[in-house]
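Okay, thanks for squeezing me in. I'll put the thing up on the screen, and then we'll walk from the core outwards.

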Amino acid sequence: IYHRPPACASMPALQAIDGTSFVMLQSTSLKRAGDALPRHAYSQNCLAGKNTPPILQAAAVNPNKKLLLLTAVDEDSKPSASAEAPPLWAVANINVAAANQLHKARGDVVVPYQGPDIKDDYIHRIFFRVYEQPRQVPRHLLSDWGQLRSWMQSNRLLGEAARRGGGMSEFLLTAVRKRPNVTAFQDPFVASGSIAQQISLAPGRL
């Protein structure tokens, strides 16, 4: 499965066709796309996690936008090949004033953060995504993910339209059921804590 390379914290903000900057999701503690998800961000059932999200910030937010929407999903937790992975997290109506502390979820929490609970031995891709909302999500559409997703679809926040327009950004982290013994690896990049290079070792995942 092909997926668009996510924005990395070290990348400069890009420019959309109309000259405005692409919003960019980043983390001060996680510098590279593909870095390992912090242990505290896992489910309590996996790696003794604490169900708390990693530190996240949004940069280069369009000055004409007032609200943000944040989601997280384990793209490798799909119940079937044709199904969509359920969200690990969904927060709407986040004031842009809180863009530097997205992990504190200062908005309307539709899906409380639930860290990945991995049962297999594959490397999982955990995507955190931020969207610039064109308007406030109505209160009656905040009761469940299905309604919020429909609102996002109708407002063109999903699919290639959102990507091309610069109104969304994603940050990729990787998660595993068991952390590898880094002393067994000779590659210093892998031993440094990032397991992005090992994704190719998980057959059928990409």
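So, one bit of vocabulary first: when I say nonpolar core, I mean a set of buried Ala, Val, Leu, Ile, Met, Phe, Trp, Tyr and Cys residues joined through side-chain atoms within 4.5 Å. And keep in mind that what you're looking at is a predicted model.

With that in hand, the largest nonpolar core here has 30 residues. The ones with the most contacts inside it are Trp89, Leu102, Phe128 and Val130. Who supplies it? E3, E4, E6 and E7 each put in at least two residues, and the largest share, 4 residues, comes from E4. Apart from that one sits another core, of 16 residues, with Val111, Tyr131, Val137 and Trp151 among them.

Let me stay with leucine 102 for a second. If you skip residues up to four places away in sequence, leucine 102 touches Leu25, Leu56, Gln57, Ala58, Leu68, Leu70, Trp89, Ile94 and Val130. Right next door in the numbering is histidine 103, in the loop between E4 and E5. Buried or exposed, that histidine 103? Its relative accessible area is 19%, and the cut-off for buried is under 20%, so histidine 103 counts as buried. Leaving aside its own neighbours within four places, histidine 103 is in contact with Pro53, Pro54, Ile55, Leu56 and Trp89.

Now the sheet. It's an open one, 5 strands in the order E5-E4-E3-E6-E7, with antiparallel pairing. The edges are E5, residues 108-111, and E7, residues 168-175, each pairing on one side only. The twist averages 15 degrees from one strand to the next.

Look at E3, residues 67-74: 8 of its 8 residues are buried. In a regular strand, side chains alternate between the two faces of the sheet. Here, both faces of E3 are covered. You get Leu67, Leu69, Thr71 and Val73 buried on one side, and Leu68, Leu70, Ala72 and Asp74 buried on the other.

E3 has a partner on each side. There are 6 bridges joining E3 to E4, residues 87-95, and 8 joining E3 to E6. Alanine 72 is a handy place to see both: its bridge partner in E4 is tryptophan 89, and its bridge partner in E6 is phenylalanine 128. Going on outwards, E6, residues 124-133, pairs with E7 over 8 bridges, antiparallel again. Tyrosine 131 is the residue opposite methionine 168 in E7.

Last stop, the aromatics. How many aromatic pairs does a search of the whole structure find? It finds 2. In one, the rings of tryptophan 89 and tyrosine 113 have centres 5.3 Å apart and planes at 85 degrees, so that's edge-to-face. Tryptophan 89 is in E4 and tyrosine 113 is in the loop between E5 and E6, so the pair ties together parts that are 24 residues apart in sequence. Tryptophan 89 is buried at 2% relative accessibility, and tyrosine 113 is buried at 10%.

The other pair is tryptophan 89 with phenylalanine 128: centres 6.5 Å apart, planes at 80 degrees, so edge-to-face as well. That one links E4 to E6, 39 residues apart. Phenylalanine 128 comes out at 0% relative accessibility, so it counts as buried. Put together, Trp89, Tyr113 and Phe128 form one aromatic cluster.

Methods: Residues numbered from 1 in each chain as written. Predicted model: local features only at pLDDT ≥ 70, side-chain atom pairs only at ≥ 80, totals over all residues. Heavy atoms only, no water. Pairing = 2+ DSSP bridges. Axes fitted to C-alpha atoms, helices over the stretch in contact; angles between N-to-C directions. Buried < 20%, exposed > 50% of the residue type's maximum accessible area, 1.4 Å probe, protein only. Contact = heavy atoms within 4.5 Å. Phe/Tyr/Trp six-rings, centres within 6.5 Å; stacked < 30°, edge-to-face > 60°.
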